Each structure stands twice: as C-alpha cells, then as structure tokens.
Amino acid sequence: MKSALIIASVLLAGVAFEVTARNVYDNQNQRENNNQWARFQQEDYSDESAEPTLNEFQNNNKFSNVLNNYESESTFADRSRQSNQNDETYFGSSQELSLQQQHKSQNQFVADRQPEGLAKVMVEKIAAIQKIVVEHNIADSANFLDAALTVNQNSVKFPKHNFVSFFNSTMKNLDNGDLEYMYLNPNKDAVFAQYQFNELKTVGSFKSNIPHAHSGYYTIIMNNVVSNLSTGFFDDKHAVIKAAKFQYADANIKTHDGSETQVFSPALEQKYLGVLANAVSSEVMKSANKSALVYIKNEIRKPMKMNVARKYTNKLFDLRWQEDQVTMEMNNIGFKNSEELKQATEQLLNSVTFQRKSQDSYRMRYDFTIKNLEWTSALNVMSAGKRMTTEPMKFAIEKVNVKVYIDKAVHNQQQSHGKAYTKVEIQGLHYNLKHVQSELVSHLENDLQRFMELSLGSYLQDCLVQELINYNRQ
C-alpha cells in the first residue's frame with residue numbers, strides 16, 4: 001500500500017528551495033475513519049436509516065435528519081401544553097429551570113410523571129453518566145494526555161551508509177486536543193473514540209554522518225491531526241493502533257551553525273513523520289485506561305438494581321396520549337413478573353455515544369433495548385366524544401428500542417443550555433382482537449403502537465429532565 005505520508009514539496013528536478021520550512025501532506029482523507037465509525041454505528045437496531053451518518057455529522061446540518069423524525073402535532077391527554085418528541089426540553093441554567101418549572105405548573109399530569117420501576121432505573125443511569133461527562137468536561141480538551149510527550153530516539157538510513165538520528169525529542173500540545181466522537185458498547189465489547197488536534201509541535205535534535213549536517217535541531221508541526229482509539233470495552237485484547245492522520249506538516253531543520261538544510265527530506269517522507277504519527281496514536285490509546293472513559297465504563301458496568309418492594313415495580317409506564325380527536329389510556333404497561341423485569345435489566349443499556357456538534361456544543365446519545373414485555377390491562381379510547389373501554393386484554397411486546405438524546409452547549413468552560421429528547425420504536429406488539437368492540441379495532445390497528453411510542457418517549461423525556469435538574473442542584 002502506498003504510504004499515507006506523502007511529501008508535497010518533494011525536491012523536483014530543477015527546483016531550488018530557498019528555505020527548509022516545508023509542507024508535508026497526508027493525502028489520504030478520512031475514509032478509513034469514517035468506515036470505522038460507521039461500522040460501530042451499524043446494527044444498534046433496525047431503524048438506522050433514520051439515523052444521521054458520520055458524513056452528516058461533519059456538516060452544519062448534521063442533526064437535522066434526527067430532528068425531522070420527531071415532527072408531530074401530538075399532545076398528552078390531560079395536559080394543557082403542546083408536547084411532541086421534537087420538544088427540546090431545556091435544563092441546566094436558572095433561566096431554563098424557571099422555564100421548565102413553568103411548563104410543569106401547567107401540567108395537570110405532574111404527579112403521574114414521576115419515574116418508577118424500569119423508567120426510574122434508566123433515567124438514573126443516564127443522569128449518572130451525564131454527571132461524569134459534565135464534571136470531567138470531556139468536550140473541552142484532552143487534558144489527560146501528556147502535554148510534553150517524549151518521543152523515542154529514531155534513526156533513518158540513507159544510501160551509501162549515511163544515516164540521521166533524531167533524539168531528545170518532545171511532542172507538545174497533545175493536551176489541547178478535542179474529543180470528536182466516543183462510542184461505548186459493552187454488548188459488542190467495543191470502545192471507539194476520535195480525537196482532533198489543531199497543531200502538534202515536535203522539537204528535538206539530530207545527528208548524522210552527512211556532510212555539512214552532522215548535528216543540529218529541528219521543529220516539526222503537524223496540523224489538523226486526527227487519531228482514533230479502537231479497543232475492547234472489557235479489555236485491550238482487541239485494540240487496534242493505527243498511525244494518526246494529519247492534513248499537512250511544516251518542517252524546519254537547522255544545523256548546529258544555524259543554517260537551514262533540506263537534506264533530510266527523504267527521512268521525513270520515508271519514516272520519521274510516521275514515527276510521530278504513531279506516537280500520537282499510542283498516547284491516545286492510553287486514554288482508554290484513564291480519563292472519563294474509565295469512569296463512564298465503570299458506570300455502564302454497574303448493575304441496574306430495582307426496588308422490588310415498591311408497588312408497580314413491574315410497570316414501565318402508563319399510556320396517556322391524545323392526537324386530533326383520539327385519546328388512548330392504558331395502565332400498567334410492563335412485565336408479567338419480577339423475574340422478567342430482572343432479565344430485562346441485565347442488558348438494558350446497549351451503548352453510549354458522544355458526538356461533537358461544534359466547537360461549543362455536543363450531543364450525548366443513550367441506546368436502550370427493553371425485551372419481552374407482557375401485561376394484562378383494559379384500554380380506554382375516546383374518539384369524537386365517545387368513550388369506549390375494552391375488557392382486560394393480554395398484550396405482549398417483543399422489543400422496545402429507546403434512544404435518548406441530550407444536547408449541551410459549552411460557554412467559557414461552563415456547560416449549560418441542555419436539551420433532551422427521545423425516540424421510541426416498538427417491535428412485535430401482539431394482542432388479541434377477538435373480543436374487542438368493532439368500533440375500537442381500527443383505532444388499535446392504526447394508532448395503538450404509535451401512541452405507545454409517543455407516550456413512552458414523552459414520559460421518559462419528562463422524567464429524565466427532572467432527574468437532570470435534580471443533579472444540577474446537587
């Protein structure tokens with residue numbers, strides 16, 4: 001494979017360089033980074049077509065695709081304010097807290113919106129991880145990396161037994177990098193992160209047996225550097241270390257008498273820039289075992305425990321949704337027994353994702369899967385002023401996929417202006433229409449699953465926002 005480290009200003013025939021400060025370009029684009037990130041993003045669950053791709057995350061409209069999925073005119077039954085899954089419910093600052101409290105004061109359903117059972121476990125887990133993200137300020141800088149990294153001595157051989165050795169070398173500014181992406185998935189045993197550095201400066205000395213350049217010092221500045229971290233969630237057995245990518249590099253080499261030289265250009269092209277790129281990636285790989293990544297992994301590992309003594313622990317939520325002239329209500333949607341609930345919590349949280357939106361904002365995403373719900377309940381439907389109620393029916397859901405998004409802005413290293421919203425997808429909803437009134441059949445077939453998705457999503461969103469506000473008060 002052709003080397004990714006290509007010197008753009010190669011000594012072309014008949015072209016003389018007046019200075020040794022020169023540019024070195026990495027012409028390979030980020031296809032490899034994109035493919036690696038896309039591979040981790042695949043198969044979280046079936047609705048990936050609705051998710052933004054990595055390329056979409058890299059432009060100004062990167063989140064519009066997600067937001068479009070929440071467009072609706074839905075509103076809660078018994079609620080006086082409009083609410084849909086595109087509500088960007090605010091939390092964090094005093095102004096946003098006041099706004100949230102104002103919304104809650106208008107909400108006649110407040111008492112029923114307190115989290116319990118599995119919903120409580122989910123929002124508490126998100127809030128705990130979010131607290132780590134904020135307290136460690138992972139969006140601000142990679143300050144856990146070595147600010148002055150020692151680069152090992154390295155020698156490059158030339159034809160005719162010539163050589164150059166670079167030593168006493170130090171790479172600076174690694175602590176000023178930015179986290180661009182982070183993906184943790186215990187079920188796939190995968191951790192992926194990507195860091196970006198505007199400028200990495202390496203200074204050091206050299207010695208060689210080339211005439212007129214026996215010794216001296218050098219400065220190399222790599223610009224727009226991107227380095228990936230790819231390893232296992234539980235250990236480093238599957239770690240992949242690949243050289244960091246950079247857009248271009250400026251090199252300045254001077255001999256002991258202060259004169260500039262270009263004689264080491266082949267050494268830079270053939271090897272030494274690759275050494276520096278590998279030094280970056282090796283240092284980034286160390287972040288898998290330190291920094292906020294470790295705390296987040298430990299929090300994900302913590303078992304999600306339920307208070308089985310509490311009433312309605314097996315319940316996930318109550319259906320309460322109104323759209324146009326149709327209202328649906330159903331109580332105690334959840335699990336058949338505590339054993340089913342316990343099994344549901346074992347692999348509840350699939351993945352946690354950090355995605356930078358801009359220099360001053362980022363998004364956290366939490367993916368949950370809830371399996372094997374089964375319950376018996378009556379369904380109330382009100383349509384065109386007519387109220388209809390079924391006999392208690394058996395319902396079952398094979399799988400519920402829940403995505404929770406939290407957007408945060410950073411101003412002067414203070415994180416504020418939080419927004420939270422959810423997306424719910426139900427797969428495999430089963431029930432028996434044998435004894436259902438004919439007037440209700442069409443509503444169940446046309447609206448029940450969608451109403452359940454909207455109701456659960458809004459319920460989790462309200463519970464989460466309140467939990468995050470409580471965390472901010474601590």
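Here is a short chat about reading salt bridges and buried residues in this predicted model.

Q: Let's start with helix 7. Which of its residues are buried?

A: Buried means under 20% relative accessible area. In helix 7, which spans residues 292–301, the buried ones are A292, L293, I296, K297, E299 and I300. They lie on the same side of helix 7, because they cover an arc of only 160° around the axis.

Q: And what do the buried residues of helix 7 pack against?

A: Quite a list: helix 5 (117–135), strand 6 (178–185), strand 7 (190–208), strand 8 (215–231) and strand 12 (349–358).

Q: Now for charges. How many salt bridges does the structure hold?

A: A salt bridge is a side-chain nitrogen of Lys or Arg within 4 Å of a carboxyl oxygen of Asp or Glu. This structure holds 14 of them.

Q: Can we go back to helix 7? Which residue does E299 meet in a salt bridge?

A: The partner of E299 is K302, with 3.3 Å from N to O. E299 is buried, at 12% relative accessible area, while K302 is partly exposed at 48%. There's also a network of salt bridges here, linking K125, E299 and K302.

Q: What about K120 in helix 5: which residue does K120 form a salt bridge with?

A: With E124, and their closest N and O atoms are 3.0 Å apart. The two are four residues apart in helix 5, so about one helical turn separates them. K120 is partly exposed at 27% relative accessibility, and E124 is partly exposed too, at 31%.

Q: How many residues apart are R450 and D447 in helix 9?

A: Three, which means that about one helical turn separates R450 and D447 in helix 9, a helix covering residues 438–473. Their side chains meet in a salt bridge of 3.2 Å, N to O. Look at the accessibility as well: R450 is partly exposed at 33%, whereas D447 is buried at 13%.

Q: Here's a charged residue to check: R320. Is R320 buried or exposed?

A: R320 is buried, and yet it has no salt bridge. You'll find R320 in strand 10, residues 315–323. To judge a case like this, look for the nearest side chain of opposite charge: for R320 that is D318, 4.5 Å away. A salt bridge needs the atoms within 4 Å.

Q: Then which side chain does R320 join in a polar contact?

A: That of N331, at 2.7 Å.

Note on methods
Residues numbered from 1 in each chain as written. Predicted model: local features only at pLDDT ≥ 70, side-chain atom pairs only at ≥ 80, totals over all residues. Heavy atoms only, no water. Buried < 20%, exposed > 50% of the residue type's maximum accessible area, 1.4 Å probe, protein only. Arc of directions from axis to C-beta. Contact = heavy atoms within 4.5 Å. Lys, Arg positive; Asp, Glu negative; His and termini not counted. Polar contact = N/O pair within 3.5 Å; in protein donor to acceptor, adjacent residues only side chain to side chain.
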